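Trainee: Can we go through the side-chain contacts in this one? I'd like to start with the charges.
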Amino acid sequence: MELLTKASYSDEVTERERRSLDVAYRAACESMVLLKNDGVLPFPDKRIAAYGAGVAHTIKGGTGSGEVNERHSVSILEGLRARGFEVTSENWLKDYEAEYEKAYADFLEGRRFKLRLSDISGSVNKLFANFRMPAGRPVGVDDLSCGAAEAAAGGSCVPATENCIYVISRQAGEGGDRKPEKGDYYLTDEEISDIRFCAEHYKRFVLVINCGSSVDMSFAEGMEGIGAILYIGQLGTQGGNAVADVLSGAVSPSGKLADTWARSYQDIPFGGEFGHPGDTADGSASAGDAGGDSKKKGAKSKGPEALYKEGIYVGYRYFDSFGVEPLYPFGHGLSYAAFDISPLECRAAVEAQEEGPAVELRVCVRNTGVPAGGFSGKETVQVYVSAPQGNRDREYKRLATFQKTKLLAPGESQELCLKIDLADLASFREEDACYVLDAGDYIVRVGNSSRNTIPAAVVRLPETVVISRHQHICPLQQPLKEIKPDAPADAAELSADLPVITVDPSAFSTVEYTYEEPPVYADEASRSFVEKLSVKEMAKLVVGAGMFGGKNRFDLPGSVGNTTSDFWDRGLVNIAFCDGPAGLRVQKVSTVDSKGKIKGVEMALSALEAMPGFIKKRMQGNPEKETPLYQFTTAFPVASALAQTWNTELLFEVGSAIYEEMKEYGCTFWLAPAVNIHRNPLCGRNFEYFSEDPFLCGTLAAAMVRGVQKEPGFYVTVKHFACNNQEEERNKVDSVVSERALREIYLKAFEICVRRGGAKGIMTSYNKVNGVYTPVSRDLCTKVLRNEWGFIGVVMTDWFSTMVERGNSALAIGAGNDLIMPGEPLSKRAIINAVRKGTVKEADLRRCCANVVKAIQCSATQKEYKG
């Protein structure tokens with residue numbers, strides 16, 4: 001059989017790779033947030049002491065499916081050296097390297113085990129365990145590099161440099177959440193001691209935080225000598241170079257926080273309950289429990305719950321509405337430049353939006369040139385709106401729009417025009433399932449963070465307007481008591497001379513959603529193919545070909561799934577699915593043997609550890625005896641870092657770069673972006689997700705979607721739909737959430753990706769929502785996605801989410817979940833039997849099959865191999 005792969009026989013760096021690295025570097029530069037600066041940054045010279053776990057072992061991204069197998073990632077130490085810094089702490093770094101190597105070897109030894117079929121979930125949890133880097137030996141006087149004569153004489157020790165950084169690093173990933181303990185969310189005693197020493201002995205000391213989400217910073221509030229705090233997040237392959245350029249002043253930081261940083265973890269609503277969900281009261285199986293594809297039909301099990309008692313008050317919506325002072329507010333971020341933001345005009349938009357009237361706001365941003373000499377920089381204008389309370393409690397304000405400037409030189413100005421779609425300000429009225437704009441005054445606030453705004457205008461709506469009417473979805477199965485502010489926010493600070501824009505209620509048209517069955521066939525091409533198929537053949541197409549060892553005619557090494565190749569000779573190719581979201585996750589180095597079989601060389605360590613020796617030998621390639629193949633992709637900053645750019649144009653560029661890599665290697669579905677909300681900073685996959693704010697999250701993700709899908713035949717897969725806000729017990733947990741919070745907070749980013757980004761793929765999640773597993777939720781997969789949002793792509797399961805005691809594959813097809821991934825024979829049999837028994841309608845199977853076939857027929861892979 002002819003080998004069909006697009007992997008390269010050369011390991012040379014290509015022009016495409018260079019372009020991607022440039023995009024990754026610029027994204028890394030704009031992702032960093034300068035939380036504090038007392039004037040110590042940028043450093044005046046390039047002599048520096050560098051301590052902490054993350055100096056030489058900078059974490060570029062999280063673990064699990066969100067990891068990328070890039071050619072190389074630049075550490076902070078490598079970046080400093082490449083940019084001409086002289087590092088004076090070499091002895092400490094050398095000692096740390098020895099300690100790190102020993103600790104990592106011990107970690108690997110402890111994680112080696114034999115995969116036991118009787119304990120699959122326990123084994124997988126061990127695979128996902130993250131290595132906690134050691135803190136290293138204490139930083140002491142000997143590390144200051146003062147002269148030997150001074151030390152012998154007992155005199156004061158003058159450091160070899162006045163510049164110092166200490167890098168705190170934390171790792172997290174799929175399968176487990178972070179912990180509110182020392183060494184994770186909290187710093188260890190050793191780390192705090194080292195930071196205190198550095199703050200006392202170096203004139204210009206900078207604390208650098210290398211983590212996918214926030215850490216506790218309460219220790220720093222009373223500590224003298226911390227001149228600056230730089231939150232770098234996890235910056236991907238070019239992170240070290242970008243950090244060095246920010247420290248030197250070659251780049252002025254322009255990132256803004258996409259999450260609120262609490263002063264204390266206890267300030268986070270219901271933080272003590274996170275990750276430790278309670279069991280259901282009666283221990284009975286919920287509506288979504290159908291025993292998976294197990295033969296033990298109807299098996300009942302006690303399940304854990306996560307109660308979303310904070311309702312709509314997530315992130316800054318909580319802190320602002322309940323009067324809780326954060327350490328660093330949402331949208332905060334400093335620059336080496338100083339900016340003046342001046343609202344110029346607020347008026348009704350000349351052209352109404354599809355959803356109804358809009359308001360335009362003109363703002364002038366000027367780089368003031370302070371301090372003397374000044375720096376060039378970028379600023380982000382953030383517009384928030386405070387809505388009238390009406391008959392429902394509302395958040396004090398919500399983000400309504402934003403825009404980032406170009407690079408402004410000292411003294412330079414730029415005028416921005418920002419548009420607010422008034423329908424975006426509506427709230428969901430649960431009594432009659434309507435989105436509503438309440439009558440009253442909407443206060444438009446302009447600034448550069450959620451806590452630094454000024455009122456710029458008032459939008460007045462004389463009458464309440466119904467924006468859209470819906471059917472109820474995902475009903476609660478039990479009472480849920482949500483928190484409410486003691487009193488609504490007052491508007492006493494408003495000036496009488498604010499401009500008032502009165503909006504005519506008749507300018508709005510109410511959308512009346514209907515909920516008919518979607519058409520079985522979306523186009524004639526899929527109809528002509530699918531209508532000839534038997535139930536058994538359709539089952540093959542709606543179930544993936546497996547994760548490992550599949551007989552794929554087209555082979556993309558490192559893809560995590562494929563559709564079946566059984567129809568290749570009938571004109572339908574197989575297509576490949578690859579992980580994200582920090583880039584395209586494929587096999588970096590593979591081999592092809594004399595029989596044309598492709599085997600991985602640099603396979604994921606966890607995968608190798610899980611395999612028995614004889615299987616490992618068969619699956620792992622030998623480049624000395626077989627022909628090597630290469631696929632070099634790019635590790636971009638993780639989503640939580642990209643969100644801090646607040647730059648939609650840059651996110652489009654990142655998406656476009658990923659599209660180029662998909663096209664080069666033949667990936668059809670990129671399993672990203674991930675748009676779950678940062679409900680709590682301890683979620684293990686927060687690095688994969690963008691923000692606590694659904695508008696910011698959806699807007700940035702939609703820009704990335706447009707970049708990836710710039711050419712027909714390449715698709716994103718927006719995930720995890722929905723309420724996958726924790727990793728602990730993710731296969732069992734029931735997210736108990738009100739319909740209002742579900743729609744306004746947890747579904748909104750998905751909606752933006754579909755409506756404004758044109759996303760062609762959606763991945764359901766592992767968890768339940770109000771008692772029903774998401775893959776078998778017709779409310780989510782059909783009523784919301786297709787009836788309300790007009791989604792026309794493929795809905796797929798997360799990997800193995802319909803296994804034993806999880807969502808059922810057949811019921812998923814009946815709900816409108818088109819594709820079961822990665823696929824196993826048990827799922828095919830379950831679907832065939834369900835159709836024969838009438839549990840699932842054949843029309844539903846045919847519809848799902850047609851959606852999958854249409855995606856394949858329109859794919860670039862189909863065009864390349866079948867014309």
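Mentor: We can take salt bridges, then aromatic rings, then a couple of single residues. Keep in mind that this is a predicted model.

Trainee: How many salt bridges does a search of the whole structure find?
Mentor: The search gives 72.

Trainee: Start with Arg 26. What does it form a salt bridge with?
Mentor: Its partner is Asp 22, with the closest N and O atoms 3.1 Å apart. Both residues lie in helix α1 (residues 15-31), four residues apart, or about one turn of the helix.

Trainee: Are Arg 26 and Asp 22 buried or partly exposed?
Mentor: Arg 26 is partly exposed, with a relative accessible area of 29%. Asp 22 is also partly exposed, at 39%.

Trainee: And Glu 30, what does that one form a salt bridge with?
Mentor: Glu 30 forms a salt bridge with Lys 404, and the closest N and O atoms are 2.8 Å apart. Glu 30 belongs to helix α1 and Lys 404 to strand β12 (residues 398-404), so this pair ties together parts that are 374 residues apart in sequence. Glu 30 is buried at 9% relative accessible area, and Lys 404 is buried at 11%.

Trainee: Which residues are linked in a network of salt bridges?
Mentor: One such network links Glu 345, Arg 347, Glu 360, Arg 362, Glu 415 and Lys 419.

Trainee: What about Lys 783, which ring does it lie over?
Mentor: Lys 783 lies over the face of Tyr 515, at 5.6 Å from the ring centre. Lys 783 also meets Asp 779 in a salt bridge of 3.6 Å, N to O. Those two are four residues apart in helix α19 (residues 778-788), so about one helical turn separates them. Asp 779 counts as buried at 19% relative accessibility, and Lys 783 counts as buried at 15%.

Trainee: And which ring does the charged end of Arg 679 sit over?
Mentor: That is the ring of Tyr 308, and the distance to the ring centre is 3.9 Å.

Trainee: Now the rings themselves. How many aromatic pairs are there?
Mentor: The count comes to 34 aromatic pairs. One of them is Phe 330 with Trp 646, a tilted pair at 5.5 Å centre to centre, with 55 degrees between the planes.

Trainee: Where do Phe 330 and Trp 646 lie?
Mentor: Phe 330 is in the loop between α9 (316-321) and β9 (339-348), and Trp 646 is in the loop between α14 (639-642) and α15 (648-665), so the pair ties together parts that are 316 residues apart in sequence. Phe 330 is buried, with a relative accessible area of 0%. Trp 646 is buried at 1%.

Trainee: Which residues form an aromatic cluster?
Mentor: Tyr 51, Trp 92, Tyr 96, Tyr 100, Tyr 104, Phe 107, Phe 131 and Tyr 202 form one cluster.

Trainee: Back to charges. What is the nearest side chain of opposite charge to Glu 824?
Mentor: It is Arg 806, 9.0 Å away; Glu 824 is buried yet has no salt bridge. Glu 824 lies in the loop between α20 (809-815) and α21 (825-837). A polar contact of 2.6 Å joins its side chain to that of Ser 827.

Trainee: Last one, Ala 582. Where is it found?
Mentor: Ala 582 is in the loop between β22 (576-579) and β23 (589-592). Ala 582 counts as buried, at 8% relative accessibility.

Methods: Residues are numbered from 1 along each chain as its sequence is written. This is a predicted model: local features need pLDDT of at least 70, side-chain atom pairs count only at pLDDT 80 or more; totals for chains, interfaces and linings use all residues. Side-chain values use heavy atoms; hydrogens and water are left out. Buried means under 20% relative accessible area, exposed over 50%, partly exposed in between (1.4 Å probe, protein chains only). Rings of Phe, Tyr and Trp (its six-membered ring) pair if their centres lie within 6.5 Å; planes under 30 degrees apart count as stacked, over 60 as edge-to-face and the rest as tilted. A charge sits over a ring if NZ of Lys or CZ of Arg is within 6 Å of the ring centre and within 35 degrees of the ring normal. Lys and Arg count as positive and Asp and Glu as negative; His and the chain ends are not counted. A salt bridge is a side-chain nitrogen of Lys or Arg within 4 Å of a carboxyl oxygen of Asp or Glu. A polar contact is a pair of N or O atoms within 3.5 Å; within protein, one must be able to donate a hydrogen and the other to accept it, and residues adjacent in sequence count only if both atoms are side-chain atoms.
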